[in-house]
Amino acid sequence: MSIRILITLMAMATVAQADWPRFLGAGCDGKSSEAGLETDLSKVEVAWVHPRGESYSAPSILGDRLIHHGRFGDVERIECLDTATGKPLWADEVPTTYRDRFNYLSGPRASPSIEGGRVYTLGAQGILCCHQLTDGKRLWRRKLIEEFKLDTEFFGFTPSPLIEGDSVIINLGMGKCVAAFDKMTGKTQWVSGDQWGRSYASPVAATMHGQRVLLVFAGGESNPPVGGLLCIDPSSGKIHDRFAWRSPRHASVNASTPVVDGNRIFISSSYDVGGVMLEVLPDFTFKEVYRTKAYASHWATPILVDGHLYGFANNKLVCMDWKTGERVWRVVPKVGDAAFESPETGTYGASKYRPPPGEGGFGIGSLVHADGRFLCLGENGLLAWMKLTPEGCTILSSRRLFKADQTWTAPVLGDGRAYICQNLPGNGIEPGLICIVLKPIRQEQSDGK
């Protein structure tokens with residue numbers, strides 16, 4: 001084998017490791033294997049900007065292809081873009097009449113999933129589609145609201161599709177909680193559960209005690225409000241166990257995706273609840289390890305690094321000991337000033353939500369982990385690299401990409417680039433998907449060696 005071929009194969013392997021093919025990345029944990037990224041954000045360049053439409057959905061990436069899902073007028077558009085240039089490669093449109101009940105954006109919320117040369121998307125109105133990645137050919141479509149007699153609940157369809165084995169797993173909603181569809185044909189494989197509704201959290205899968213299990217954090221619109229974590233056999237839909245965990249407030253949902261490490265799972269919810277650590281026993285039932293008020297996520301999924309959990313609890317950035325559930329520190333990070341310790345509030349209710357972020361504040365931020373540090377995107381467009389350790393929070397560099405509210409979509413990383421979603425207009429700039437270059441893009445060797 002020539003050196004040139006070997007270098008090419010190594011480069012392809014690097015791309016595969018750095019792909020972001022679904023919500024929260026390849027490992028569904030908010031982590032990327034990217035390395036050698038530029039630390040000083042003042043030096044990075046914007047490579048391209050693509051029209052966003054109405055959307056809270058994060059893009060997904062496989063190799064040199066990016067899938068973007070947004071609403072334009074009365075259609076949801078599923079687009080495939082070239083990652084280097086932003087050039088559209090193909091697009092398909094799905095009609096929609098969905099309107100958000102709370103006057104938020106009416107576009108898609110769920111992120112696409114890419115697997116096996118296929119793209120799976122779920123629109124806000126519950127239309128599940130499968131497209132061919134190469135040319136955008138629509139392979140099948142399911143209209144979940146019509147077929148399963150569901151409603152849009154509080155926020156439409158929000159959980160991202162999970163590809164597990166030969167199935168597409170969807171958190172459906174009240175009365176028909178979780179369903180599996182054949183990923184090749186779209187045919188229903190099983191429907192499981194009837195007590196808990198559709199949450200904002202995406203399902204995850206893990207291997208525990210030598211077997212695969214599905215973990216679905218359910219709980220949407222219901223009166224009284226109910227929900228919690230389901231442990232499900234992915235082959236049959238059998239529910240091994242359920243653990244109730246939900247705010248007592250009617251206008252709330254479970255929104256943060258479960259964090260898994262070994263046989264343990266951490267779930268959390270805002271509005272007077274907090275977090276709980278569960279252990280899955282050999283019979284696949286749950287054992288409660290501890291409850292904590294140290295961390296409670298409104299929607300952003302925290303990230304586990306070296307035995308500590310890092311994430312935003314409203315506008316407060318928290319470090320929590322994974323083993324004990326004890327808070328190590330809690331600060332309100334701000335560019336230009338040292339992060340300051342946040343006073344105790346006692347509750348996580350809407351009445352004590354948070355002040356709007358100022359020019360140097362992040363508000364409710366979103367984190368991803370790469371290259372030994374955290375990339376943080378604030379809810380009004382402030383981007384920063386942070387060093388987060390049990391010793392504290394250090395802002396390494398920052399850059400304001402735009403100033404617009406509802407920047408609630410976490411950054412996506414792939415092949416030396418970061419993709420940032422501006423969801424609302426700001427300072428005369430229309431919503432857009434922004435691609436910034438964090439390291440020199442790989443060039444093929446041309447010397448023939």
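**Exercise 1.** In this predicted model, find what L383 is in contact with once its neighbours within four places in sequence are left aside.

*Solution.* Start by taking a contact as heavy atoms within 4.5 Å. Next, skip the residues within four places of L383; what's left is L41, L375, C376, L377, S397, S398, R399, L401, I420 and I436.

**Exercise 2.** Now put L383 in its wider setting: which residues touch the most other members of the largest nonpolar core, and which strands supply at least two residues each?

*Solution.* The largest nonpolar core has 32 residues, and L383 shares the top group with L413, Y419, I436 and L438. Then go strand by strand: β27 (366-370), β28 (373-377), β29 (382-389), β31 (412-414), β32 (417-422) and β33 (432-437) each put in at least two residues. Finally, look elsewhere: apart from this core sits another one of 21 residues, with C28, L229, I267 and V276 among them.

**Exercise 3.** Work out what lines the largest pocket.

*Solution.* First the space: about 940 Å³. Then the wall: 42 residues line this pocket, with Y200, A255, H298, W299 and W408 nearest its centre. By type, the lining splits into 25 nonpolar, 14 polar and three charged residues. As for elements, β27 gives the most, with three residues.

**Exercise 4.** Do the second largest pocket too.

*Solution.* Its volume is about 480 Å³. Of its 26 lining residues, A26, G27, C28, D29 and A205 come closest to the centre. Strands giving two or more residues to the lining include β6 (113-115) and β14 (204-208). Sorting the lining by type yields 16 nonpolar, three polar and seven charged.

Conventions: Residues numbered from 1 in each chain as written. Predicted model: local features only at pLDDT ≥ 70, side-chain atom pairs only at ≥ 80, totals over all residues. Heavy atoms only, no water. Core = buried A, V, L, I, M, F, W, Y, C linked by side-chain atoms within 4.5 Å. Buried < 20%, exposed > 50% of the residue type's maximum accessible area, 1.4 Å probe, protein only. Helix = DSSP H or I, 4+ residues; strand = E, 2+ residues; numbered from the N terminus. 1 Å grid on protein atoms, 1.4 Å probe; cavity = no way out; pocket = protein on both sides within 12 Å on 5 of 7 lines; lining within 4 Å. Points joined across faces, edges and corners; volume = space filled by probe spheres on them. Nonpolar A, V, L, I, M, F, W, Y, C, P; charged D, E, K, R; others polar.
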